[in-house]
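Grab a coffee and work through these short exercises with the structure open beside you. Try each task before reading its solution.

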Amino acid sequence: SGVININDGASATIDHVELNGLDHTHACIWDEGVKGTALAYSMVAINVNCHDVNDGIFSWWWSSDKNAGAGSDFIIQDSYFHDFTENAANGHIDGYQTEGAQNGLITHNTYLMLITPNEGNNSAAGADSAIAIWNSFNQSTPTGLTSGHFTISNNLMGGHAGFMSYA
């Protein structure tokens, strides 16, 4: 779940917003969107202040999605991801995460990988990475969809995470 959910077949531009997961929401943006014939992207997220979630933005494709490649073709730019929580989802914190999206631009963002001060322990023990690009789910699906074709540039990543970038 997300503060904003982009459903399979939809697309969205999210611009100049604060998204607060209130320490109990999986992601600020849960993206299962697809680009259309006239749309270049499934999601454009610009100037997003994302906090108090488990994952900042999660690009997701699920075998029940009618569109293979859902969650692909996106831009994340000029955004701030901070004060994560271990209370939501699986407690496995990432600023951006995918398990099969393709064609993404992640540029000029700040990822401060610390958990929310409201949780007391600010060491972010469950923080995995600022940017996590996985194939684990989609690699075994009939579509053969695997993560790839990302441009990641000019991001500031800091805090406590196992990896700042994991692909």
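**Exercise 1: a backbone oddity in a strand**

Asp52 has a relative accessible area of 9%, so this residue counts as buried. Keep in mind that you are looking at a predicted model.

Task: work out what is unusual about the phi angle of Asp52, and find which strand holds this residue.

Solution.
- Start with the location: Asp52 sits in strand E3.
- Next, check the backbone: phi of Asp52 is near 60°, which is a positive value in a residue other than glycine.
- Now put the two together: a buried residue in strand E3 carries a positive phi.

**Exercise 2: another Asp with a positive phi**

Task: find where Asp78 lies, and decide whether Asp78 is buried or exposed, or something in between.

Solution.
- Asp78 also isn't a glycine, yet its phi is positive, at about 55°.
- As for its place, Asp78 is in the loop between E4 and strand E5 (80-82).
- The relative accessible area of Asp78 is 28%. Buried would need under 20% and exposed over 50%, so Asp78 is partly exposed.

**Exercise 3: the disulfide**

Task: say how many disulfides the model has, and which parts of the chain are tied together.

Solution.
- Count first: there is one disulfide.
- The partners are Cys28 and Cys50, with sulfur atoms 2.2 Å apart. That passes the cut-off, which asks for sulfur atoms within 2.5 Å.
- For the handedness, look at the angle about the S-S bond: it is 100°, and the link of Cys28 and Cys50 is right-handed.
- Then place the partners: Cys28 belongs to strand E2 and Cys50 to strand E3, so the bond ties together parts 22 residues apart in sequence.
- Last, solvent: Cys28 and Cys50 are both buried.

**Exercise 4: the salt bridge**

Task: find which side chains meet in a salt bridge, and explain why the pair ties together parts that are apart in sequence.

Solution.
- Searching the whole structure turns up one salt bridge.
- Its partners are the side chains of Lys35 and Asp73, at 4.0 Å from N to O.
- Lys35 is in the loop between strand E2 (12-31) and strand E3 (43-59), while Asp73 is in the loop between E3 and strand E4 (74-77), so the pair links parts that are 38 residues apart in sequence.
- Compare the partners' exposure: Lys35 is partly exposed, at 43% relative accessibility, whereas Asp73 is buried, at 13%.

Terms used:
Residues are numbered from 1 along each chain as its sequence is written. This is a predicted model: local features need pLDDT of at least 70, side-chain atom pairs count only at pLDDT 80 or more; totals for chains, interfaces and linings use all residues. Side-chain values use heavy atoms; hydrogens and water are left out. Helices (H or I, at least four residues) and strands (E, at least two) are DSSP runs, numbered from the N terminus. Buried means under 20% relative accessible area, exposed over 50%, partly exposed in between (1.4 Å probe, protein chains only).
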